[in-house]
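Visitor: Got a minute to go through this one with me?
Guide: Sure, pull it up and ask away.

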Amino acid sequence: MIALKHICLTLPEFSLTDICLEVHPHDFFALIGPTGSGKSLLLEGIMGIMPFTSGSLIFEDTDITRVPVEKRPLALVYQDFALFPHLDVTQNILYGAGYHHISKLEARQRFDYLISALGLEKIVLRFPYNLSGGEKQRVALARSLILNPKVLLLDEPLSALDPVFHDEARSLLKKVHKDLNMTIIMVSHNFEEVLYLANRGAIIKDGKIMQQGSIQTLFEKPDSRFTAQFVGMKNIVSFEPHGQTLRIAGTRLDIVTETPPDPDHHHLGVRPENILLNPSASPVCQNYFSGTITGISPYGVFTRVHLDLKGMAFEAIWPKTFIKEFDLDTGKPVSVGFHPESVHTF
Amino acid sequence: MGWLFLFLGLPLILLLTLPLINMTTQPSAAMLKQTIMDKDVTAAIARSLLLSLSAAGLAFIMGTPLAYLLARKELPGKKLLEGIIDLPIMIPHPVIGIAILSLAGRNHPIGRFLSEAGIQIMGTKTGIICVLLFVGLPFYINTVKSGFDNVPIRLENASRTLGAGAFATFARITFPLTWRHMILGIIMCTARAISEFGAIVIVAYHPMTAPVMIYERFTAFGLKYSQPIAVWLILISFVLFVFLRMMTRSIHTDTR
């Protein structure tokens, strides 16, 4: 549906380099990366606000690289929603209708549908400074959706919202994607929200695509240390092949994997939530170690437990109830392990 | 602390108010009435007002796009251009008059071109407007530029993403969010132009503006005959500046 071919965008102090991406129809595609990685710049480039220096942007077999912003079949919802402060909610939502040759009747019908679907009936006469963050987001969405864009671009749609609106807004985006069956490209630095919303994505670092594919693949099979860390993989260590197992460099710890690693893989990682406590209870766990707890810290509704496994620092995330149930405390010995399929090499 | 600051600021307030109060209270009501009935005086004050408003109108038409460019674009030599725009604030005003005259004179190609086109600068209203635009332009440009600076570029971009072209975006987003600054700029420019004397007296002693007439009455007849005209000019300027302050307040209210 949208293809970016060898896109470059050069600014005095930053550049996007050789970006190649493909977004399929009905994708919820996430551009993921840390702050300053260039993901919002790429989104503005796709929208046409920042012209690409080279490369081409193909939309449904048509090259739209040089098409002006206002002529592109796309709509963008800004991180801070960019509502027009001098217009009320109704005027904001209807702003673009005239430019897209939508008749007044059609615009009114779409308006009525959207304010009902997005729960905006009671605030249509309010001005932006009288709206909460969640309301602003819904107005900004309605303002874009009324134009029936073929692709909706979302720039960090949840980051400007108070935590109290997060879940509601996340569900709304999921609903919009599902109900309208539209293609969405979203920029985010939060892999948790990406996991919830997106089906495909790309990870960007320093203006370059590090990895792209299905979100599940990015999550489970990161192909670099950066991607692994970004998607929350911990316990990343380098290894050397040792017979049928992998020996963690500088230790005598041998790790069993489900399949032999690629010859060019030199690191392995295990997600902290895949570390099992007292794995003797699980007969299939072939990676079994004993060690000491070096620290315990809260992690939302879970607990992060730092472990020393024969000189190697590991991290596990367990339910809070484990602390009392298994009498875990700093300095106490502990047995841990993980399944071979939990070991990921790259 | 407030009392200490007031104590320190009091001499400044007195410096501003005492000469003005003294001058405005000296002429009798009869003298003031007689002065305003003088057709030459009313014509000079009206001329000052009209020509100043004309200069401000030109600043609005030509200065607004320039202020927008300065606020939005990274132009080569932008700092230099901003410095040039601020120059009239610093240059002694007779120098401005001399500079304009030397350019508009018959010895200069531009002066010859203007003369052939039937445009006279010296001793004409055109010349006065030219001078007033020169001295008032920095006030207009800087005020309006700060207005454009206050409009986030994201709002303009958002408008473009919704299908509006560049001109429609300016008309529907940028202008409604900056028109108060434009009015403020027009008032600043007009107020500055009304008070101009140094450059006008060189470029166009006639037709006479109010400041030139005050100077002429002072040199020809003395303080007593120049003061009432000055009082009327001060009153008009005062009304303008009160209006200006009210506008500034409403701008602050809007950006809450």
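**Chains, helices and confidence**

Visitor: How many residues does each chain put into the contact?
Guide: Chain A gives 17 residues and chain B gives 14 residues. Keep in mind that this is a predicted model.

Visitor: And how does the chain A side divide into nonpolar, polar and charged?
Guide: On the side of chain A that touches chain B, 12 residues are nonpolar, three are polar and two are charged.

Visitor: What ipTM does the predictor give the complex?
Guide: The ipTM is 0.82, and the pTM is 0.82.

Visitor: Switching to helices: at what angle do H3 and H9 of chain B pack?
Guide: About 140°, with the axes 8 Å apart. H3(B) covers residues 39-72 and H9(B) covers residues 166-194. That angle makes H3(B) oblique to H9(B).

Visitor: Is the crossing left-handed or right-handed?
Guide: H3(B) passes H9(B) in a right-handed crossing.

Visitor: Which residues meet there?
Guide: From H3(B), they include Leu49(B), Leu53(B), Ala56(B) and Phe60(B). Among those in H9(B) are Met182(B), Ile186(B) and Cys189(B). The residues of this contact divide into 11 nonpolar and four polar, with no charged ones.

Visitor: What's the mean pLDDT of chain B?
Guide: It's 90, and 95% of the residues in chain B reach 70 or more.

Visitor: Where in chain B does pLDDT stay under 50?
Guide: Over residues 252-256 of chain B, where the model has three contacts beyond four places in sequence. Where pLDDT is low, the predicted coordinates shouldn't be read in detail.

How values were computed:
Residues are numbered from 1 along each chain as its sequence is written. Chains are lettered from A and ligands numbered from 1 in the order in which they are written. This is a predicted model: local features need pLDDT of at least 70, side-chain atom pairs count only at pLDDT 80 or more; totals for chains, interfaces and linings use all residues. Axes are lines fitted to C-alpha atoms, for helices over the stretch in contact, and angles run from 0 to 180 degrees between N-to-C directions. Helices (H or I, at least four residues) and strands (E, at least two) are DSSP runs, numbered from the N terminus. Angles under 35 degrees count as roughly parallel, over 145 as roughly antiparallel, 65 to 115 as roughly perpendicular and the rest as oblique. A crossing is left-handed if the near helix is turned anticlockwise from the far one by less than a right angle, and right-handed if clockwise. Two residues are in contact if their C-beta atoms, placed from the backbone, lie within 7 Å. Ala, Val, Leu, Ile, Met, Phe, Trp, Tyr, Cys and Pro count as nonpolar, Asp, Glu, Lys and Arg as charged, and the others, Gly among them, as polar. pLDDT is the predictor's confidence in each residue, from 0 to 100.
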